[in-house]
Amino acid sequence: MNLREHIRDIPNYPKEGIVFFDITPLLSSPKAFRFAVDQLAEKFGSRGATKIAAAEARGFIFAAPLAYTMGLPFVPMRKPGKLPYRTMSVTYDLEYGTDTLCMHVDAIERDDKVLIIDDLLATGGTVNGMIKIVEQAGASVAGLGFVIELGFLPGGQILREAGFDHTCLLN
Ligand code: PRP
Ligand code: ADE
């Protein structure tokens, strides 16, 4: 299965000069979608993760079926104003702007080993935000998994320099 064939490149979206990697063709292929989730399950099955966390919206698309497949709790990290209970938050830089992510204060406990999943690694801003929230909660990162890595952006290098291994299905 060549997942790259299921990603559509959209030039100049959402801004001039950005090439947007559109995962909707992958999602519209049940075989490709299942393959992507199964590959993540295979790569992270033995890491001892106790929870899977992801940021809305596209991160949820892969992390929720992965949590279901792996039989692990799913922790949603959401944009401000979306979570109903008490939250902790972090603000981070993106390829095209800044954003804030929130998490319920009781979503992750100190002894949790959290597998962080996202559809795409670009500047690394979002994943760094997620790592910060996990660490703020006193827990540790069990792994970082992505479907796509944009190798021409510094996210992967930033993670390596910070001492975090990451796994991508496509780079
Ligand atoms: C996208 C993508 C990743 C993030 C990667 O999310 O789903 O979460 O950008 O970029 P980074 O490595 O530069 O942080 P986006 O913030 O566009 O939100 P969405 O999932 O709601 O589309
Ligand atoms: N998130 C951040 N950069 C992106 C890109 N170039 N394509 C799709 N999603 C992204």
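Start at Glu56. Its relative accessibility is 16%, so Glu56 counts as buried, the cut-off being under 20%. The model on screen is predicted.

**Stop 1: Glu56 and Arg78**

Now add Arg78. Arg78 has a relative accessible area of 24% and is partly exposed. The two side chains form a salt bridge, with the closest N and O atoms 3.2 Å apart. Look at where the partners sit. Glu56 is in the loop between strand 3 and helix 3 (58-70). Arg78 is in the loop between strand 4 and strand 5 (87-94). The pair links distant parts of the chain, 22 residues apart.

**Stop 2: the sheet**

Select strands 4, 3, 7, 8 and 9. These 5 strands form an open sheet, in the order 4-3-7-8-9, with parallel pairing. Strand 4 (74-77) and strand 9 (167-170) each have a single partner strand, so each has one side without a neighbour in the sheet. Neighbouring strands are turned by 20° against each other on average, direction ignored.

Zoom to the strand 4 edge. Strand 3 (residues 51-55) runs parallel to strand 4 and is joined to that strand by 4 bridges. Pick Ile52: its bridge partner in strand 4 is Phe74.

**Stop 3: two helices on the sheet**

Show helix 2 (residues 30-44). Helix 2 lies across strand 7 (113-121), strand 8 (140-149) and strand 9. Its direction is at about 150° to strand 9.

Next, show helix 4 (residues 125-136). Helix 4 packs on the sheet and touches strand 3, strand 4, strand 7 and strand 8. Against strand 7, the direction of helix 4 makes about 165°.

**Stop 4: Asp118 and Asp119**

Stay on strand 7 and select Asp118, which is found in that strand. Which side chain of opposite charge is nearest to Asp118? It is Arg58, 6.8 Å away. Asp118 is buried and has no salt bridge; the cut-off for one is 4 Å. Display its contacts beyond four places in sequence. They are Arg58, Gly59, Thr126, Met130, Gly145, Phe146 and Val147.

Move to Asp119. Here Arg58 does pair: the side chains of Asp119 and Arg58 meet in a salt bridge, 3.1 Å from N to O. Asp119 lies in strand 7 and Arg58 in helix 3, so the pair ties together parts that are 61 residues apart in sequence. Are these partners buried or partly exposed? Asp119 is buried, with a relative accessible area of 4%. Arg58 is partly exposed, at 29%.

**Stop 5: Ile23**

From Asp119, select Ile23. The two are 96 residues apart in sequence, yet 8.1 Å apart in space, C-alpha to C-alpha. Ile23 sits in the loop between strand 2 (19-22) and helix 1 (24-27). Its relative accessibility is 3%, and it counts as buried. Leaving out residues up to four places away in sequence, Ile23 touches His6, Ile7, Arg58, Ile61, Phe62, Asp119 and Ile148.

**Stop 6: Lys51 and its partners**

Go to Lys51. With 10% relative accessibility, Lys51 counts as buried. Glu109 is partly exposed, with a relative accessible area of 46%. Their side chains meet in a salt bridge, 3.5 Å from N to O. Lys51 is in strand 3, while Glu109 is in the loop between strand 6 (97-104) and strand 7. That is 58 residues apart.

Add Asp112. Salt bridges that share partners join Lys51, Glu109 and Asp112 into one network. How many salt bridges does the count come to? There are 7.

**Stop 7: the nonpolar cores**

Finish inside. In soluble globular proteins, nonpolar side chains tend to be buried together. The largest nonpolar core here has 30 residues. Select the members with the most contacts inside this core: Leu26, Leu40, Ile52, Phe62, Leu66, Ile117 and Ile148. Helix 2, strand 3, helix 3, strand 7, strand 8 and strand 9 each supply at least two residues. Which element gives the most? Helix 2 does, with 6 residues.

Centre on Leu40. Beyond four places in sequence, Leu40 is in contact with Phe62, Leu66, Ile117, Phe146, Val147 and Leu169.

Last selection: another core, of 26 residues, lies apart from the largest one. Pick Leu101, Ile131, Val134 and Phe164, which are among its members.

Terms used
Residues numbered from 1 in each chain as written. Chains lettered and ligands numbered in written order. Predicted model: local features only at pLDDT ≥ 70, side-chain atom pairs only at ≥ 80, totals over all residues. Heavy atoms only, no water. Pairing = 2+ DSSP bridges. Axes fitted to C-alpha atoms, helices over the stretch in contact; angles between N-to-C directions. Contact = heavy atoms within 4.5 Å. Buried < 20%, exposed > 50% of the residue type's maximum accessible area, 1.4 Å probe, protein only. Lys, Arg positive; Asp, Glu negative; His and termini not counted. Core = buried A, V, L, I, M, F, W, Y, C linked by side-chain atoms within 4.5 Å.
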